[in-house]
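Let's take a friendly walk through the side chains of this protein. The topics are aromatic pairs, charged partners and one arginine that stands apart from them.

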Amino acid sequence: MPLVGVELQVMGDVQGVGYRWYAVRRAQERGLSGWVRNNRDGSVSAYAEGERGEVESFIDDLRQGPPMASVREIKAGWQEYSGSYDGFDIRR
């Protein structure tokens, strides 16, 4: 499968509900690299890269979110794979 990157913005009730930790766990389970962070507007941004099928499944994971989250919308901007990240972590 081809390697890709995607920049995501997740809108809804996604802060204060363990959403970033959920994203980290799901990304690590799928062998993805990148990051996730809270935004001042209440949304969450993430960048993930890896095999396209795993990245697409990660987006599906984020659409569901942890039990207390309510995802309204996810915007995705596909990019070329950069290979710039080791692991997947939370940015502040």
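## Aromatic pairs

The structure shown here is a predicted model. With the ring-pairing rule applied to it, the count comes to 3 aromatic pairs. One of them is formed by Tyr 19 and Tyr 22, whose rings are tilted, with 6.3 Å from centre to centre and 40 degrees between the planes. Both tyrosines belong to helix α1, where a spacing of 3 residues separates them by about one helical turn. Tyr 19 is buried, because its relative accessibility of 2% falls under the 20% cut-off. Tyr 22 is buried as well, with a relative accessible area of 5%.

Phe 58 and Phe 88 make another aromatic pair, and this one is edge-to-face: the centres are 5.7 Å apart and the planes meet at 70 degrees. Here the pair links distant parts of the chain, with Phe 58 in helix α2 (residues 52–64) and Phe 88 in strand β5 (residues 88–90), 30 residues apart. How buried is Phe 58? Its relative accessible area is 0%. Phe 88 also counts as buried, at 5% relative accessibility.

## Salt bridges within a helix

Turning to charges, the model has 5 salt bridges by the rule used here. Arg 26 and Glu 29 form one of them, and their closest N and O atoms are 3.2 Å apart. These two residues lie 3 residues apart in helix α1, which means that about one helical turn separates them. Arg 26 is partly exposed, with a relative accessible area of 25%, while Glu 29 is exposed at 57%.

Helix α2 has a salt bridge too, between the side chains of Arg 52 and Glu 56, at 3.0 Å from N to O. Because they are 4 residues apart in helix α2, Arg 52 and Glu 56 are separated by about one helical turn. Arg 52 is partly exposed, with a relative accessible area of 29%, and Glu 56 counts as partly exposed at 36% relative accessibility. Arg 52 has an aromatic neighbour as well: its charged end sits over the ring of Trp 78, 4.2 Å from the ring centre.

## A salt bridge across the chain

Which residue forms a salt bridge with Arg 30? The partner is Asp 61, and the closest N and O atoms of the two are 2.7 Å apart. Arg 30 and Asp 61 are 31 residues apart, so this pair links distant parts of the chain, and Asp 61 lies in helix α2. Arg 30 is partly exposed at 28% relative accessibility, whereas Asp 61 is buried, with a relative accessible area of 11%.

## An arginine without a salt bridge

Arg 20 is found in helix α1 (residues 19–29). Is this residue buried or exposed? Arg 20 is buried, yet it has no salt bridge. The nearest side chain of opposite charge belongs to Asp 89, and that is 10 Å away. A salt bridge needs a side-chain nitrogen within 4 Å of a carboxyl oxygen.

What does Arg 20 touch, leaving out residues up to four places away in sequence? Its contacts are Val 36, Arg 37, Asn 38, Ile 90, Arg 91 and Arg 92.

Key. Residues numbered from 1 in each chain as written. Predicted model: local features only at pLDDT ≥ 70, side-chain atom pairs only at ≥ 80, totals over all residues. Heavy atoms only, no water. Buried < 20%, exposed > 50% of the residue type's maximum accessible area, 1.4 Å probe, protein only. Lys, Arg positive; Asp, Glu negative; His and termini not counted. Contact = heavy atoms within 4.5 Å. Phe/Tyr/Trp six-rings, centres within 6.5 Å; stacked < 30°, edge-to-face > 60°. Lys NZ or Arg CZ within 6 Å of the ring centre and 35° of its normal.
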